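Here are my notes on the model, as numbered points. Please keep the structure open while you read.

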Amino acid sequence: RVPTRIGVLSSWHSYLFLNKGLRQKRSRCEMHELDYNHQLIQKTMAPDKPPCTHSLRLSAPVKPLSLPESYVVVHPGMAGSALNWPLEHYQNLILSLSRRTPVIITGTAIDRSVLNPLRENLSHIKNILWKNESLSSDELLITLKKAEAVFAPSTGVIHLAASLGTPTYGIYSPVVVQRVERWGPRGPKTKTWTPQVP
């Protein structure tokens, strides 16, 4: 009874249930996920409207956070939708950064398998601030916005930081369906790396 049913035509049932569908081969990674979604909206809902892009603007008041004057954020965890950088590489990155500036580590309970070993190995470094599992959504956004830079894998935090205009550095998997070309951050100050592996 839903009059307009929009989506990607892929599985057999999508042809049966969708009346405004679009055939897309997303697994080929020929464009960014955002562009695939804009294409879907344009073809099915708003053919005359060009896609728009927006930056995140923070306007909601939040309680003051005790943050260093300058710092970088490292968010090493992810939910597992793509391959992540090895733990020892994150450890070396955090150590290297902490010699120059305070490093804030962020993460959620899902990231414990990455964060717990890192904390065990780096707990003696005073220039590292462990904010994982302690920031609200608003506090995380403020922390990302005020950072000099944010380092993260293919996860939501890198997209939030990029949208806020913070310099972001992403580490992406070379697997075709996980590539930066499809899932990379979009923003005015982004840089990404993909390890060259067989």
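Is Tyr-90 buried or exposed? Tyr-90 is buried, because its relative accessibility is 0% and the cut-off for buried is under 20%. Keep in mind throughout that this is a predicted model.

1. Overall make-up. The protein has seven helices and eight strands. Its C-alpha trace spans about 60 × 45 × 30 Å along the principal axes. Of the 198 residues, 38% are buried. Take the contacts with a separation of 6 or more: 54% of them join residues 24 or more positions apart.

2. Aromatic pairs. How many aromatic pairs does a search of the whole structure find? The search finds three. One of them joins Trp-85 and Tyr-90. The ring centres are 5.1 Å apart and the planes stand at 90 degrees, so this pair is edge-to-face; the cut-off for that class is over 60 degrees. Tyr-90 is the buried partner, at 0% relative accessibility. Trp-85 is partly exposed, at 25%.

3. A stacked pair between strands. Tyr-169 and Trp-193 also form an aromatic pair. Here the centres are 5.7 Å apart, with 15 degrees between the planes, and the pair is stacked. Tyr-169 sits in strand β7 (residues 168-171) and Trp-193 in strand β8 (residues 190-193). The two residues are 24 residues apart, and the pair links distant parts of the chain. Tyr-169 has a relative accessible area of 24% and is partly exposed. Trp-193, at 41%, is partly exposed too. Phe-151 joins Tyr-169 and Trp-193 in one aromatic cluster.

4. Helix packing. How do α5 and α6 cross? The axes of α5 and helix α6 (residues 156-163) come within 9 Å and cross at roughly 60 degrees. That angle makes α5 oblique to α6, because it falls outside the roughly perpendicular range of 65 to 115 degrees and is not under 35 degrees. The crossing of α5 past α6 is right-handed.

5. The contact itself. From α5, the residues are Leu-140, Leu-141 and Leu-144. They meet Val-157, Leu-160 and Ala-161 of α6. By class, the contact of α5 with α6 has six nonpolar residues, no polar ones and no charged ones.

6. Lys-145. This residue lies in helix α5. Which residues does Lys-145 touch, leaving out those up to four places away in sequence? The list is Leu-58, Leu-164 and Thr-166. Leu-58 and Lys-145 are 87 residues apart in sequence, yet their C-alpha atoms are 8.8 Å apart in space. Lys-145 has 43% relative accessibility and counts as partly exposed.

7. A backbone point to check. Glu-133 is not a glycine, yet its phi is positive, at about 60 degrees. Where is Glu-133 placed? Glu-133 is in the loop between β5 (128-130) and α5 (137-146). Its relative accessible area is 41%, so Glu-133 counts as partly exposed; exposed would need over 50%.

Technical notes. Residues are numbered from 1 along each chain as its sequence is written. This is a predicted model: local features need pLDDT of at least 70, side-chain atom pairs count only at pLDDT 80 or more; totals for chains, interfaces and linings use all residues. Side-chain values use heavy atoms; hydrogens and water are left out. Helices (H or I, at least four residues) and strands (E, at least two) are DSSP runs, numbered from the N terminus. Buried means under 20% relative accessible area, exposed over 50%, partly exposed in between (1.4 Å probe, protein chains only). Rings of Phe, Tyr and Trp (its six-membered ring) pair if their centres lie within 6.5 Å; planes under 30 degrees apart count as stacked, over 60 as edge-to-face and the rest as tilted. Axes are lines fitted to C-alpha atoms, for helices over the stretch in contact, and angles run from 0 to 180 degrees between N-to-C directions. Angles under 35 degrees count as roughly parallel, over 145 as roughly antiparallel, 65 to 115 as roughly perpendicular and the rest as oblique. A crossing is left-handed if the near helix is turned anticlockwise from the far one by less than a right angle, and right-handed if clockwise. Contact means heavy atoms within 4.5 Å. Ala, Val, Leu, Ile, Met, Phe, Trp, Tyr, Cys and Pro count as nonpolar, Asp, Glu, Lys and Arg as charged, and the others, Gly among them, as polar.
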